[in-house]
Amino acid sequence: MGNPMKIRAANKDGVTEVKVLVSHEMETGQRKDSAGAIVPAWFITELIAKHNDKVVLASEFGPSVSKNPYLAFKFKGGAKGDKIVVSWKDNKGDTRTDEAAIG
Amino acid sequence: MNNQRRNVLKTGSGAALMGILAAAGIIKPGMALADWNKAAFDAKSMADTLKALGAASPADSKDVQVTGPDIAENGAVVPVGVSSTLPNVTMVAILIEKNPNALAASFVLPEGTEANVQTRVKMGQTSNVYALVKSDGKFFMATKEIKVTLGGCGG
Amino acid sequence: MMFQRLLVTLVGGAVLAASAGSALAQDSKVADELAKYRDALADGNPADLLEVKGEGLWSEKRGPKNASLEQCDLGLGPGKLEGAYAQLPKYFKDTNKVMDVESRLVHCMVTLQGFTQADVTKQWYSKPGKESDIEALVTFIGAKSNGMPINVPATHPEEAKMARMGEYIFYRRSGPQDFSCSICHGQEGKRIRLQDLGNLTTKEGAGFAMKTWPSYRVSQGAVWTMQRRLIDCMRQARWPEPNYLADSIVALETYLQKTATGTVMDTPGIER
């Protein structure tokens with residue numbers, strides 16, 4: 001399930017800026033552990049952000065997105081108090097969803 | 001490995017995600033997005049990656065920008081982004097030429113979402129970073145070199 | 001690692017290759033670009049994730065005694081967190097010891113929650129895939145002092161003794177390289193590769209170093225506590241590594257916090 005995401009969403013001049021910080025290892029599958037064995041790839045493959053029920057961003061990640069992924073984007077049509085819901089899924093099938101209100 | 005993952009996609013939350021996207025009218029059945037674009041993420045060279053993204057020969061454009069520092073203190077966390085003033089941008093992607101697999105991330109932008117996405121990527125070494133943008137159905141690209149270094153004590 | 005070394009050589013070489021006059025300009029341009037890089041990471045510091053986790057751990061009933069840490073006294077009274085980090089290390093009557101935030105936190109986890117010291121400190125820092133509760137809790141506690149001045153006057157005789165011990169360790173040359181902390185951190189204007197080295201003997205230098213910890217270290221992909229920072233300094237000086245919570249580390253912290261006293265905390269920070 002992982003740890004909670006940190007989602008911030010703020011309105012300015014009719015545009016909502018969303019910043020998401022996700023807790024995830026994002027293992028590339030190319031790193032070796034201290035015993036010399038390859039650490040298997042483990043990374044978020046998809047991340048979707050919704051404003052109320054409308055998708056505002058659909059992302060696909062490879063393993064070269066940094067550990068604890070960060071994402072910032074902007075969309076029009078958001079109002080103060082509206083819900084932003086972010087969901088991700090990783091290559092092991094794990095998922096997590098968190099939400100925040102536009103401030 | 002991949003078969004397993006596909007099973008998860010079909011039976012598990014992948015189906016739910018597909019449902020969300022389909023309901024929102026973002027994807028139509030058969031569209032690549034719902035199934036993580038394995039071919040594009042597995043491609044090694046820039047050319048193969050672009051081909052897998054259906055963007056074989058994008059035009060260079062001054063209206064596309066790669067945002068990011070000239071020098072990154074650590075290749076494990078390099079802040080990069082894509083922005084563009086082109087009209088009707090429906091997709092952007094970030095590619096790192098000298099990484100083992102060039103494609104770092106791609107984003108589908110529904111109407112109302114600005115062509116301005118920032119994220120952070122790993123870079124194995126100093127490389128050209130490419131921003132790919134799909135505007136009015138055509139692909140455009142811009143590039144910026146980011147130097148990777150490591151300062152100070154230890155690793 | 002190899003290629004990173006090589007790149008450093010390349011970047012460094014480019015600076016050297018420039019004429020003496022423009023080398024300085026090149027240098028400051030590199031510094032400007034690195035500042036830009038750090039600024040870009042400051043908004044959305046991954047340490048914020050740990051702070052949220054630490055907040056949950058603080059109030060969660062855990063351990064054999066099924067108790068939270070909400071009655072933990074970090075020096076300002078049970079449960080008082082605001083400004084607590086900024087006034088540590090300090091002398092605690094109940095243990096008759098000068099304790100830093102980490103030794104006091106471990107003390108609380110043992111006495112309030114009933115964990116054994118060995119259990120609590122087994123994962124005192126995180127490894128890929130293995131999280132550390134201590135890291136999360138210290139990040140949370142540290143952030144509760146954000147915006148407040150560091151205040152370790154070390155007036156209690158035990159605190160004064162620890163500060164003196166810390167100062168002694170700071171200047172003491174030791175180990176196979178006959179190295180001391182002060183060789184790198186005792187003067188202005190020192191640098192290793194692209195990294196400026198702070199002068200930790202002044203309020204300004206010590207304050208700059210201490211105010212951002214605990215800090216997310218970009219090169220490690222993890223938050224480091226001050227214990228980890230200082231223990232690793234010893235490793236880099238090729239000294240034997242002290243145990244976690246060792247008196248020598250608490251002593252160094254007391255010396256550095258005393259020197260930094262008056263500097264406003266800005267944590268969690270983001271460092272190289």
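**Notes on a predicted model with chains A, B and C**

1. A convenient place to enter this structure is L132(B), which, leaving aside residues up to four places away in sequence, touches L53(B), A55(B), P58(B), V92(B), A93(B), L95(B), F139(B) and M141(B). The reader should keep in mind throughout that this is a predicted model.

2. L132(B) also belongs to the largest nonpolar core, which has 131 residues, and it is one of those that touch the most other members, together with V92(B), I94(B), L95(B), A131(B) and V133(B). As general background, nonpolar side chains in soluble globular proteins tend to be buried together.

3. How confident is the predictor in chain B? The mean pLDDT of chain B is 82, and 74% of its residues reach 70 or more. Over residues 1-15 of chain B, however, the pLDDT is below 50, and this stretch has 11 contacts in the model beyond near neighbours in sequence. Residues 151-155 of chain B likewise stay under 50, and for them the model has 14 contacts beyond four places in sequence. Where pLDDT is low, the predicted coordinates should not be read in detail.

4. Turning to the contact between chains A and B, 38 residues come from chain B and 29 residues from chain A. On the side of chain B that touches chain A, at least two residues are supplied by each of α1 (2-11), α2 (13-23), β6 (103-108) and β7 (113-121) of chain B, and β7(B) gives the most, with eight residues. By class, this side of chain B consists of 22 nonpolar, 12 polar and four charged residues.

5. Strand pairing also links these two chains, since strand β4 (residues 54-61) of chain A and β6(B) pair in the antiparallel sense over four bridges. Within this part of the model, F61(A) stands opposite A105(B), a residue of β6(B).

6. Chain A is also in contact with chain C, and here the contact takes nine residues from chain C and 10 residues from chain A. The side of chain C that touches chain A is made up of four nonpolar, three polar and two charged residues.

7. Chain C itself is divided into domain 1, covering 47-143, and domain 2, covering 157-271, and the C-alpha centres of these two domains of chain C lie 21 Å apart. The contact between them takes 22 residues from domain 1 of chain C and 19 residues from domain 2 of chain C. On the side of domain 1 that touches domain 2, α3 (47-59), β1, β2, α4 and α6 of chain C each supply at least two residues, with α6(C) giving the most, namely five residues. The classes on this side of domain 1 of chain C are 12 nonpolar, five polar and five charged residues.

8. Why can helix α4 (residues 101-111) of chain C be described as largely enclosed by the rest of the structure? Nine of the 11 residues of this helix are buried, so α4(C) is largely enclosed. The buried residues of α4(C) are V101(C), E102(C), S103(C), R104(C), L105(C), V106(C), H107(C), C108(C) and M109(C). They pack against β1 (90-92), β2 (97-99), α5 (117-122), α6 (133-143), α10 (226-236) and α11 (247-260) of chain C.

9. A further helix of chain C to examine is α9 (residues 203-210), whose buried residues are G205(C), A206(C), G207(C), A209(C) and M210(C). The buried residues of α9(C) pack against α11 of chain C, a helix that the buried residues of α4(C) also pack against.

Note on methods:
Residues are numbered from 1 along each chain as its sequence is written. Chains are lettered from A and ligands numbered from 1 in the order in which they are written. This is a predicted model: local features need pLDDT of at least 70, side-chain atom pairs count only at pLDDT 80 or more; totals for chains, interfaces and linings use all residues. Two residues are in contact if their C-beta atoms, placed from the backbone, lie within 7 Å. Ala, Val, Leu, Ile, Met, Phe, Trp, Tyr, Cys and Pro count as nonpolar, Asp, Glu, Lys and Arg as charged, and the others, Gly among them, as polar. Two strands pair if DSSP finds at least two bridges between them. A residue is buried if 20 or more other C-beta atoms lie within 10 Å of its own, exposed if 12 or fewer, and partly exposed in between; C-beta atoms are placed from the backbone. A nonpolar core is a set of buried Ala, Val, Leu, Ile, Met, Phe, Trp, Tyr and Cys residues joined through C-beta atoms within 7 Å. pLDDT is the predictor's confidence in each residue, from 0 to 100. Domain bounds come from an automatic or database domain assignment.
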